[in-house]
Amino acid sequence: MNVHDHSPPHPVAVGGVVGALPVPRIAPRIGLVFGGGALKGMAHIGALKAIREAGITPRLFAGSSIGAMIAAAAASGRSVDELTERALRFRRRDLFRINHVGMLMERMLSRSIYLESPLRSLCDDLVAEGTFADFETPLLVTAVDIERGVPLVFGRPGLRDVRVRDAVYASCALPGFFPPGVVGHRVCIDGGTTDNLPVSIASLGMDAVIAVDVGIADVPLASGVAEQGFASIFMRAATMMMHEQQQATLDHWTSPPLLLVRPKVSHIGWFNFSHVEELLQLGYDGMRDALTHLPTMLAAPGGIFPRREVEIIVDRARCTGCALCVARSPGLLALDAERKAYPLVRVHEFSPADGSVARCCPEDAITVQPAAARDLIEEVLDVSA
């Protein structure tokens, strides 16, 4: 299905009955959170399209970095068609213009590689004028006060009487790439520095949260990064740091129930402008599929959804007995008498936030696969026999 189509989504509702699953008749308070991810954040627009087609009206928007920009645009009343049209005509020069004078004259004292004005113009173009107190739908934007060294959430009490556009710019001001932004009397940088997916703060007062993670769901193999220059090395390091910070939050998540949507965008570069239409579609498809689990999620007291049965498999020949997996996930794996890792339980129920145990192995000896895959293999073997 094309992202521009208007055919109905999978049956999803926030009142009545979907299939055989009851859904609360009183519309639940749902917070919508968009994570950072540079140009991958275009997928948020597709996700927003699926949300609106499903008839869901978020009671709160929250975001970090590019997620803050799309969340603020949605809270400003921008339509999906407007955002889609703007995304499709977006070009590199609309965002990245080298700060030639600063880098030449100030050298190491230059505040950034790129100029501030293009990013400022983009914020002004998408986000309505006014303070957080002026917005009808609550909006939360993360940033970091670089002078005080503390994380901030604009839109919370005490941080509402500042311009939303200023906060969004600051939340997108990736250190080294763009100059810090001044929000009120604070000098701030990218919100993803400390909280790339602000689900914890967004969950306060909500019955459920829907979060879209486009930036750091995984850290796929990337050969040759060390030869690709400062920007690639920096972003690779930032990806790994943000992944670990975000995973720590999700590992301890209890309530309210969280629908975690991770569109399959890891193959697309952070600053790749040639995949915009694909990103829109992937965000739409990812959210549309995830929303089929909404009734189950809303009926649960907490936890992360959607959930599926998986099997942890250890390749004993590759396992070196380093025990990193056991230290990371002591409830899932242990070492046997030969100091080889093994799963304590064959089948587990995992959410999209689980499975990090596989990527902690330096020898790639651990894999996580759907339990149905093993069952299918065994069934085929039985038939063959």
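How many bridges join strand 5 to strand 6, and do the two run parallel or antiparallel? The legends below take up this and other close-ups of a predicted model.

**Figure 1. Strand 5 and its hairpin partner, strand 6.** Here is the reply to the opening question: strand 5 and strand 6 (residues 150–154) run antiparallel and are joined by 5 bridges. To find one of the matched positions, look for alanine 143, whose bridge partner in strand 6 is leucine 152. Between the strands of this hairpin there are 4 residues. Glycine 149 in the hairpin takes a positive phi near 70°.

**Figure 2. Strand 5 with strand 4 and strand 8.** Strand 4 (residues 60–63) pairs with strand 5 in the parallel sense, over 3 bridges. In this view, phenylalanine 61 stands opposite leucine 139 of strand 5. Strand 8 (residues 186–190) also pairs with strand 5, but in the antiparallel sense, again over 3 bridges. Look for valine 144, which has isoleucine 189 of strand 8 as its bridge partner.

**Figure 3. Strand 5, covered on both faces.** On one side you can pick out Leu139, Val141, Ala143 and Asp145, and on the other Leu140, Thr142 and Val144; all are buried. Because 7 of the 7 residues of strand 5 (residues 139–145) are buried, the strand is largely enclosed by the rest of the structure.

**Figure 4. A tilted pair of phenylalanine rings.** A search of the whole structure finds 2 aromatic pairs. In the pair shown here, the ring centres of phenylalanine 90 and phenylalanine 273 are 5.6 Å apart and the planes are at 35°, so the pair counts as tilted. Phenylalanine 90 lies in the loop between helix 3 (80–88) and helix 4 (100–105), while phenylalanine 273 lies in the loop between strand 10 (258–261) and helix 9 (276–290), so the pair ties together parts that are 183 residues apart in sequence. Phenylalanine 90 and phenylalanine 273 are both buried.

**Figure 5. A stacked pair of phenylalanine rings.** Phenylalanine 132 and phenylalanine 154 form a stacked aromatic pair, with 6.5 Å from centre to centre and 20° between the planes. Phenylalanine 132 sits in the loop between helix 5 (117–126) and strand 5, and phenylalanine 154 belongs to strand 6, so this pair links distant parts of the chain, 22 residues apart. Phenylalanine 132 has 3% relative accessibility, so it counts as buried. Phenylalanine 154 is at 0% relative accessibility and counts as buried too.

**Figure 6. A charge over a ring.** Finally, find tyrosine 169: the charged end of arginine 120 sits over its ring, 4.1 Å from the ring centre.

Definitions and conventions
Residues numbered from 1 in each chain as written. Predicted model: local features only at pLDDT ≥ 70, side-chain atom pairs only at ≥ 80, totals over all residues. Heavy atoms only, no water. Buried < 20%, exposed > 50% of the residue type's maximum accessible area, 1.4 Å probe, protein only. Pairing = 2+ DSSP bridges. Phe/Tyr/Trp six-rings, centres within 6.5 Å; stacked < 30°, edge-to-face > 60°. Lys NZ or Arg CZ within 6 Å of the ring centre and 35° of its normal.
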